[in-house]
Each structure stands twice: as structure tokens, then as C-alpha cells.
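Colleague: Got a minute to walk me through this one? I'd like to go through the contacts between chains and then the folds.

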Amino acid sequence: MKSDTLPGIVKADGEQPVFSVGERVAISVRFPVGHYRAPQYIRGKNGVIEAVMEPPAVNNEEEGFGRNAGRKRHYYRVAIPLSDLWPGYGGSVADGLRIEVYENWLERI
Amino acid sequence: MTPSEAFVKRLPNDIGGLSADRIDRADHELQPWEKRCHALADVLDFHKILNTEEKRRGVEALGTEIIGKLSYYERWVAAFANILFQKQVLTPEELASKMDEVSARFKRESEL
Amino acid sequence: MHSHDHTPINVPDVEPGYYEIMETAMRELLAEKGLIQPAEIRRQIEVLDSRTPQLGAKVVARAWVDPDFRARLLANGRSACEELGITFYDDTQLIVLENTRDIHNLIVCTLCSCYPRPVLGLPPDWYKQKPYRARAVREPRNVLAEFGTVIPEDVEIRVSDSTAMVRYLVLPQRPNGTDTWSEEELALLVTRDAMIGVATIEAQERKVQ
């Protein structure tokens, strides 16, 4: 924790990341119609937050329909072992995926 | 999942992990119109007339068959047309008229 | 010939196809409506032409010779590139992924063709096509083998799939045998494929001074 953070500051909606580095998360399972940016191969999988992307941004799934502004949330770089993604994965057990996922696709586990 | 559900639930571009062929490393030099098309996409995004994510969605919305049959930049320009009509920036009639005019002009210039 | 804004940007020398006609018509209509200027298109073409893998190679070579730059590059790829004048004309961020003895990085965009264009230029066709996009996240070692790159089993492979605002650039390992090389000479070794992560850079034989 930063010791020089000034007290009494209220953050705007979306400024505070919901998840932190090192947290275990699950990728949600849902099936949006029309446009999405969370690929199917990660849905329902568990991962670890490797980084919080700053600054918060507009949901790109909504941007795809012309929303150029609005409520901002964070993207997170999530690490998922390839052997968790693919049954019978033939490479090293250490091999992994890194992928940016928007906050509304992540759940605490 | 029924076949008809599957088509809507999985976008045509959502192919991570699907089986696929060997990689063909052949590359091609962009044709001038393709480069102009890329520049047009960038300029439209700068102006937020058509942002990059809208372009992606527009290409997806062309559907699997068209995506499979059109080249990369052909998909872009077809998607742009749809999106610009939807946003009422252009009308189908004015684009079609202009295309006729451009086509005729190209023909004349090639005869010079 | 027409004057100023109506000067055609293109006079095709091969039979223009349907899509070229569409692109031209669309661009001219948008310009007539004042929504874009032809000069903006011309300018953006120049911007795109100026971005090639040689820029990325210079970034890599600088990182190899300058540890402070390397640290800044790994902390914030975009701002380090901007130090060298490589402007980012869009809202993307850049994360530079460092290859080490233990970790080999590979970049892909499974959903489309996201690529670090401001610093590498436009991506090759194979990067945008199904085989690479489908298989890089599923069987990266086999994909690398198709490029002639074999990563030992005890080296971890990290595949980064861009889906949003971040773009990636691989910082390859500096090859052995280059201790005395200048930054310019080093930059000549760095290939686009090494910065995507499908290739590594071979050790160099000692040069005769």
C-alpha cells in the first residue's frame, strides 16, 4: 500500500479496479448475441490476474455498437495454463495463455 | 446446442482453438486500394464516424459465408458500407450512384 | 484535371475491381459531405508506409545495448517507443514481452488481427488467417515448429492473445556472439517474425575485426 496516498479522496465510478494482481478469477459463461470480445475457449476457465490495465476504458463490446463513451471499467491481463484450456495439451505444463479480459467477464472464485 | 444456436452463439471470427490447416506463409504486397482502405478505416476511427470496434462487429455481421469468400479488405469495405448506412451517414442509393460514376470515370481514364 | 480537394487520389493501372470502386466511391462521398478530407487519407497512407519492422528492430537493438531503456520499455512499451519518435496514432497501449532463457513469448489475435502496427507496420497475411489464429493458442509448439523454431520443453511458452486495447511486441533474446556489435548492426539482425515470437535470432559467429 502506498504510504503517501492522500486521505479523503473519493474515486469516480469505475476508477477502482475490482480485481487485484494475484487474484484467482473465473471467466464468466454467457452467450452474448451479436458481438463479444471474450473468446469461447476461455469461458468458464479459471485464471490468475497478472496485471490491471490502466486507465479504465469503455466496454469494447458496447463500443462495437457505436458507444464511444460511457461507464468505464478495467481490463485485466489474465494468465491461464494451456493445459487447463485444452484436455490432452501436448506441450509443457508450464505453457500459458495471457489474455486481456474486461471486468464484466470476470468473477471471484 | 442446436446447429442454428451454434451459428449465433459463436461468432465466425471466434476461432481460437479450432482445428485448422498448416500455416501458409505466402504474403502479398497490399494493392493501393487496400492501403487506402486501411487508411480510411483509421481516419474514420479518428473521427469516431466508425470506430475500430464497430468495424470488427461489422465484419463479423457479414456472416460466415461472406467472410469465407471475401478477402480481408473486401470484408472491411463491405462492412463499412453497412455500418455507414445504418448510421445514416450514407444512403444505399448515393453509394450506388457514386460507384457507377467512379466506374465510368475509371473506364474513361483507362481509355486515355 | 480537377483542382484541390477533388483531385482523385488514385488512377488505377489495372482493371479496378468492385471493391476498389466501392472504396473510392465511399471515400469521395465522405469527402464531399465534409466528413473527411482527402488530405487525411493521403497523410494516413504516408503514416502507414513509414511504419515497418525496421522501427521495431531499432527498439529492440536499443533495449539490448541500453539497460535503462530496456527497463523503461518493459515498464511501458508505448512511452519508450515514443522516446524514439515512434508515435502511436491510436489509443492502443503496448506491452513488450521479454524473452529469457526460461520464457518464450508468442503473440496472436485469435478474434481478428490486432497487431502492434505503430511499431511494426501492417501484419503479414498468415497472421490474419485462420491457421495461425486458431492454432497459436492451442498448439504453440507445433506452430513454432512450422516456422522452423523449436523451443525446448524446459522453456515456458506464453501466448498473448490481444482482444482489446493492448498490443504486444516480443523482445527477443540478444544472440550470442554480438557483444562487440554496434546498435545499428544489432538492429539488422532483428526480424519481424522474431518480434511476433515465431522465430528466434541465431547466435552470430565472431566477426573478424
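Colleague: Let's start with chain B and chain C: how many residues does each bring to the contact?

Modeller: Bear in mind that this is a predicted model. On the side of chain B that touches chain C, H2, H5 and H6 (92-111) of chain B each supply at least two residues. As for the totals, the contact takes 44 residues from chain B and 42 residues from chain C.

Colleague: Which helix gives the largest share of the side of chain B that touches chain C?

Modeller: The candidates with at least two residues there are helix H2 (32-46), H5 and H6 of chain B. The largest share amounts to 10 residues, and the helix that supplies it is H2(B).

Colleague: H2(B) meets H2(C), then. Are the two helices roughly parallel or roughly perpendicular?

Modeller: Their axes come within 9 Å, with H2(C) covering residues 38-50. From H2(B), the contact uses Lys35(B), Arg36(B), His38(B), Ala39(B), Leu40(B), Asp42(B) and Val43(B), and from H2(C) it uses Glu40(C), Ile41(C), Gln44(C), Ile45(C) and Leu48(C). The crossing angle is roughly 110°. An angle from 65 to 115 degrees falls in one class, so H2(B) against H2(C) is roughly perpendicular.

Colleague: And H5(B) on H1(C): how should I class that angle, oblique or roughly parallel?

Modeller: Helix H5 (residues 72-86) of chain B and helix H1 (residues 18-32) of chain C have axes 10 Å apart. The contact is made by Glu74(B), Val77(B), Phe80(B) and Ala81(B) on one helix and Tyr19(C), Met22(C), Glu23(C) and Met26(C) on the other. The packing angle is about 45°, whereas roughly parallel needs an angle under 35 degrees. That makes H5(B) to H1(C) oblique.

Colleague: Is that crossing left-handed or right-handed?

Modeller: This is the pair that packs at about 45°. Where H5(B) passes H1(C), the crossing is left-handed.

Colleague: Moving to chain B by itself, what does its radius of gyration come to?

Modeller: Chain B has six helices and zero strands, and its C-alpha atoms fill a box of roughly 55 × 35 × 30 Å along the principal axes. For 112 residues the globule rule gives 13 Å, and chain B is well over that, so it is more spread out than a compact globule. The radius of gyration is 17 Å.

Colleague: What share of the contacts in chain B, between residues at least 6 apart in sequence, joins residues at least 24 apart?

Modeller: For context, buried residues make up 38% of chain B. Counting the contacts between residues at least 6 apart, the share that joins residues at least 24 apart is 49%.

Colleague: Does Glu65(B) count as buried or exposed?

Modeller: Glu65(B) sits in helix H4 (residues 64-69) of chain B. Pro12(B) is 53 residues away from Glu65(B) in sequence, with 9.2 Å between their C-alpha atoms. The cut-off for exposed is 12 or fewer neighbours, and Glu65(B) has 9 C-beta neighbours inside 10 Å, so it counts as exposed.

Colleague: Now the sheet. Which strands are its edges?

Modeller: Seven strands form an open sheet with mixed pairing, in the order E5(A)-E1(A)-E2(A)-E3(A)-E4(A)-E3(C)-E2(C). Neighbouring strands are turned by 35° against each other on average, direction ignored. An edge strand pairs on one side only, and that picks out E5 (106-108) of chain A and E2 (103-108) of chain C.

Colleague: Inside chain A, which residue stands opposite Ala51(A)?

Modeller: Strand E2 (residues 46-58) and strand E3 (residues 72-81) of chain A pair in the antiparallel sense over seven bridges. Opposite Ala51(A), in E3(A), stands Arg77(A).

Colleague: Which element gives the most to the side of chain A that touches chain C?

Modeller: There, 19 residues of chain A are in contact with 19 residues of chain C. E2 and E4 (96-102) of chain A are the elements that give two or more residues to chain A's side. With six residues, the top contributor is E4(A).

Colleague: Last one: how many residues of E2(C) are buried?

Modeller: E2(C) pairs with strand E3 (residues 156-161) of chain C in the parallel sense over six bridges, and His104(C) stands opposite Ile157(C) in E3(C). E2(C) is largely enclosed by the rest of the structure, because its buried residues number five of the six.

Terms used
Residues numbered from 1 in each chain as written. Chains lettered and ligands numbered in written order. Predicted model: local features only at pLDDT ≥ 70, side-chain atom pairs only at ≥ 80, totals over all residues. Pairing = 2+ DSSP bridges. Helix = DSSP H or I, 4+ residues; strand = E, 2+ residues; numbered from the N terminus. Axes fitted to C-alpha atoms, helices over the stretch in contact; angles between N-to-C directions. Rg over C-alpha atoms; globule rule 2.2 N^0.38 Å. Buried ≥ 20, exposed ≤ 12 C-beta atoms within 10 Å, placed from the backbone. Contact = placed C-beta atoms within 7 Å. Parallel < 35°, antiparallel > 145°, perpendicular 65-115°, else oblique. Left-handed = near helix turned anticlockwise from the far one by under 90°.
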